[in-house]
Amino acid sequence: MRTWPFWCALCCCVAGTAAWALERLTEIDLIDNGGFEREGSPGQPAGWNARRAPPDGVSLSWTGSGARTGNRCLSITSTQNGDRPWFWWEQSLALQGNVAYRLTAWVRADSLQRGALFVVSCQDASGKEVLRRHLASVSGQSSEWRMVTGSVTPPAAVRRGRIQFSMHG
């Protein structure tokens with residue numbers, strides 16, 4: 001079984017938990033519910049959406065077990081081995097071009113065989129993706145919490161974006 005309380009779990013026994021915040025380097029918090037504590041629709045974290053319904057054997061959950069701090073974290077759990085499509089939790093953001101942003105996450109992953117990514121996708125005013133950057137990746141067999149950080153400065157045309165925590169497995 002693979003679990004990643006907060007965004008990730010992957011092929012063959014994966015577990016992990018993360019809490020993260022994307023912020024402008026001027027220290028303005030852009031994440032809605034970055035600590036995952038507030039409920040939006042019943043049983044779902046406010047501000048966060050699953051990209052699509054996960055395949056059989058995979059769950060994207062908002063859980064009260066395994067959080068690093070606070071009471072909640074996001075989790076992706078997969079109970080089946082084998083190649084599967086990418087799936088993720090995401091949040092839309094208002095971004096500006098030529099502004100430096102930093103993503104920081106606390107992640108815990110057990111028996112992670114393939115990988116998980118923190119990604120930012122940047123769009124122009126028409127919605128066209130003009131930049132997609134893997135800010136940080138997680139792999140390994142550690143059940144300890146670790147901090148990962150990545151940075152991006154979107155091109156001038158950027159007006160919005162999405163942050164994603166994804167897993168393949």
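Leaving aside its neighbours within four places in sequence, which residues is Leu135 in contact with? Keep that residue in mind as a later stop, because the tour begins with the whole chain and with how far the model can be read.**The whole chain**

This is a predicted model, in which local features need pLDDT (the predictor's confidence in each residue, from 0 to 100) of at least 70 and side-chain atom pairs count only at pLDDT 80 or more, while totals for chains, interfaces and linings use all residues. Residues are numbered from 1 along each chain as its sequence is written, and side-chain values use heavy atoms, with hydrogens and water left out.

Colour the chain by pLDDT: the mean is 75, and 73% of the residues reach 70 or more. Then select residues 1-26, where pLDDT stays under 50 and for which the model has 176 contacts (heavy atoms within 4.5 Å) beyond four places in sequence.

Switch to a cartoon view, which should show 0 helices and 11 strands; helices (H or I, at least four residues) and strands (E, at least two) are DSSP runs, numbered from the N terminus. Read along the sequence, the pattern is β-β-β-β-β-β-β-β-β-β-β. Among contacts with a separation of 6 or more, 71% are between residues 24 or more positions apart.

With the surface displayed, the accessible area of the chain comes to about 7,600 Å², and 46% of it belongs to carbon and sulfur atoms; these areas come from the Shrake-Rupley method with a 1.4 Å probe, and for residues only the protein chains shown count as cover. Of the 169 residues, 47% count as buried, where buried means under 20% relative accessible area, exposed over 50%, and partly exposed in between (1.4 Å probe, protein chains only).

**The nonpolar core**

Next select Trp48, Ile76, Leu95, Phe118, Val120 and Val148, which have the most contacts inside the largest nonpolar core, a group of 32 residues. A nonpolar core is a set of buried Ala, Val, Leu, Ile, Met, Phe, Trp, Tyr and Cys residues joined through side-chain atoms within 4.5 Å. At least two residues of this core come from each of several strands, including strand 4 (58-63), strand 8 (112-124) and strand 10 (146-152). Strand 7 supplies the largest share, with 5 residues.

**Leu135 and its surroundings**

Now return to Leu135, whose place is in strand 9. Leu135 is counted as buried because its relative accessible area is 10%. Show every residue in contact with Leu135, leaving aside neighbours within four places in sequence, and you should find Leu103, Phe118, Val119, Val120, Thr149, Gly150, Ser151 and Val152. For one of these, Ser151, draw the C-alpha to C-alpha distance from Leu135: the two residues are 6.3 Å apart in space and 16 residues apart in sequence.

**A buried polar pair**

Select Gln164, which is found in strand 11. Gln164 counts as buried because its relative accessibility is 0%. Add Arg132 to the selection, and a polar contact of 3.0 Å can be drawn between the two side chains. A polar contact is a pair of N or O atoms within 3.5 Å; within protein, one must be able to donate a hydrogen and the other to accept it, and residues adjacent in sequence count only if both atoms are side-chain atoms.

**Cysteines**

Select Cys73, which is buried at a relative accessible area of 1%, and then Cys122, which is also buried, at 0%. A disulfide is taken as a pair of cysteine sulfur atoms within 2.5 Å, and by this rule the count comes to 0 disulfides.

**Two positive phi angles**

Go to Phe36, in the loop between strand 2 (15-24) and strand 3. Phi of Phe36 is near 65 degrees, a positive value in a residue other than glycine, and Phe36 is buried, with a relative accessible area of 0%. Then move to Asn98, in the loop between strand 6 and strand 7, where phi is near 60 degrees, again positive in a residue other than glycine. Asn98, at a relative accessible area of 56%, is exposed.

**Two partly exposed residues**

Select Asn49, in strand 3 (residues 49-50), which is partly exposed at a relative accessible area of 47%. Beyond its neighbours within four places in sequence, Asn49 is in contact with Trp88, Trp89 and Glu90. The C-alpha atoms of Asn49 and Gln91 are separated by 6.4 Å, although these residues are 42 residues apart along the chain.

Finish at Thr69, in the loop between strand 4 and strand 5. Thr69 counts as partly exposed, with 47% relative accessibility, and its C-alpha is 8.4 Å from that of Gly35, which is 34 residues away in sequence.
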